[in-house]
Amino acid sequence: MSKSLSVKVGNIIIGGGAPVVVQSMTDTATADVEKTVAQVLALYHAGSELVRITVNDDEAAQAVPEIKRQLLKRDCDVPLIGDFHYNGHKLLGDFPECAKALDKYRINPGNVGFGRKKDTQFAEIIQKAIEYDKPVRIGVNWGSLDQVLLAKLMDQNSQLKVPLSSREIMHKALIESALQSAEYAQELGLAPNKIIVSCKVSDVQDLIEVYQKLARKCRYPLHLGLTEAGMGIKGIVASSVSLGYLLQQNIGDTIRVSLTPEPGAPRTNEVKVCREILQTIGLRTFTPTVSSCPGCGRTTSSFFRELANDIQNYLTNQMPVWKNHYIGVENMKVAVMGCIVNGPGESKHANIGISLPGTGEAPVAPVFIDGKKVHTLRGKHIAQEFMAIVDKYVKEKYSA
């Protein structure tokens with residue numbers, strides 16, 4: 001949503017005031033077409049609007065056109081981004097069908113090439129992007145920063161009367177690497193509206209400071225994300241805090257949450273976190289919002305938790321059907337409250353709310369619709385009856 005240039009990636013518009021776009025990345029071996037297609041589809045159906053895949057060797061490059069064909073056969077037109085390191089110039093040159101099938105190329109200036117080969121190999125990738133009319137993300141990462149540039153800046157810094165800190169030098173190196181590479185890409189003939197930039201780090205405060213400085217220095221669309229965000233709650237919280245803070249300042253046009261998947265956890269969790277960040281701060285809406293209390297000694301915990309979980313899952317599962325038939329249903333707010341203390345009040349603020357009987361209270365559950373009490377549910381089938389009320393409300397309220 002920043003005031004950046006507008007870049008088209010496949011069927012998606014990035015920047016120029018367009019909604020912030022959710023991105024993810026596969027972790028399959030790209031050469032395994034079947035597994036890669038399956039994971040791209042899973043990410044796409046979870047809500048990923050761009051999917052990045054590793055293109056690291058001949059076998060991966062050869063697989064890309066078939067992956068694209070398989071996805072299109074399944075009515076999935078999600079733009080595919082080719083992630084290139086070290087040998088991207090060679091793979092794009094040797095496998096033109098791969099270069100054509102991808103919707104965007106990602107280049108890391110820190111490892112596109114070394115020594116005298118760096119500019120040449122960077123130029124070869126940019127020339128392929130121009131030839132096939134593809135946008136490019138110039139993605140700098142502090143784990144693979146251009147060491148020549150970093151050494152140069154450190155030498156210059158040592159000559160200053162008041163030298164910058166090593167942290168400030170790192171920030172400067174990240175930003176200069178990205179912007180110098182973008183400038184060189186333009187000198188080679190790549191249009192400004194074909195360039196997206198990122199400077200990814202794994203520390204929250206560093207990410208915030210780098211992107212604030214970067215946003216002041218350029219009008220390229222910016223891709224946000226903590227690199228190596230971590231696992232589980234740590235990664236979710238760190239990403240939510242940093243990305244949310246920057247997005248509130250209108251900094252950022254695409255986002256990714258780089259979670260390390262917990263054992264057995266689906267890859268799609270990173271997409272869910274991205275969508276939740278955007279919905280929570282009010283930038284986009286994807287699915288009805290469920291408000292529920294944390295529970296306390298007054299609540300009948302097991303039943304209350306099960307109902308809140310059932311309602312959340314029901315709404316999530318219904319959205320693929322509802323969004324094609326009911327306009328604005330993603331803006332619906334539902335409240336599932338555990339007892340009488342805050343239950344009725346919270347329920348009145350939602351489109352639909354239910355206030356469950358707490359422990360020791362009368363076994364009745366009032367249901368509120370648009371602020372008015374309209375039902376009282378009792379017995380063993382409260383969950384099913386409440387879902388039926390929600391379904392009826394959707395059909396009546398949001399029908400086209």
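**Threonine 26, two nonpolar cores and a surface patch**

Threonine 26 is in contact (heavy atoms within 4.5 Å) with Gln39, Val40, Leu43, Val51, Arg52, Ile53 and Arg267, leaving aside residues up to four places away in sequence. The model is predicted, with local features needing pLDDT of at least 70 and side-chain atom pairs counting only at pLDDT 80 or more, while totals for chains, interfaces and linings use all residues. Residues are numbered from 1 along each chain as its sequence is written, and side-chain values use heavy atoms, without hydrogens and water.

Threonine 26
- Threonine 26 sits in the loop between β3 (21-25) and α1 (33-46), where helices (H or I, at least four residues) and strands (E, at least two) are DSSP runs numbered from the N terminus.
- Threonine 26 is buried at a relative accessible area of 4%, given that buried means under 20%, exposed over 50% and partly exposed in between (1.4 Å probe, protein chains only).

Nonpolar cores
- In the largest nonpolar core (buried Ala, Val, Leu, Ile, Met, Phe, Trp, Tyr and Cys residues joined through side-chain atoms within 4.5 Å), which has 80 residues, Val55, Leu102, Tyr105 and Leu214 touch the most other members.
- Helix α7 (residues 166-187) supplies the largest share of this core, eight residues.
- Another core lies apart from it and has 34 residues, including Met319, Val367, Ala383 and Val390.
- Leucine 214 touches Ile175, Leu179, Val197, Cys199 and Leu222, again not counting residues up to four places away in sequence.

Helix α9
- Valine 237 belongs to helix α9 (residues 232-248) and, at 45% relative accessibility, is partly exposed.
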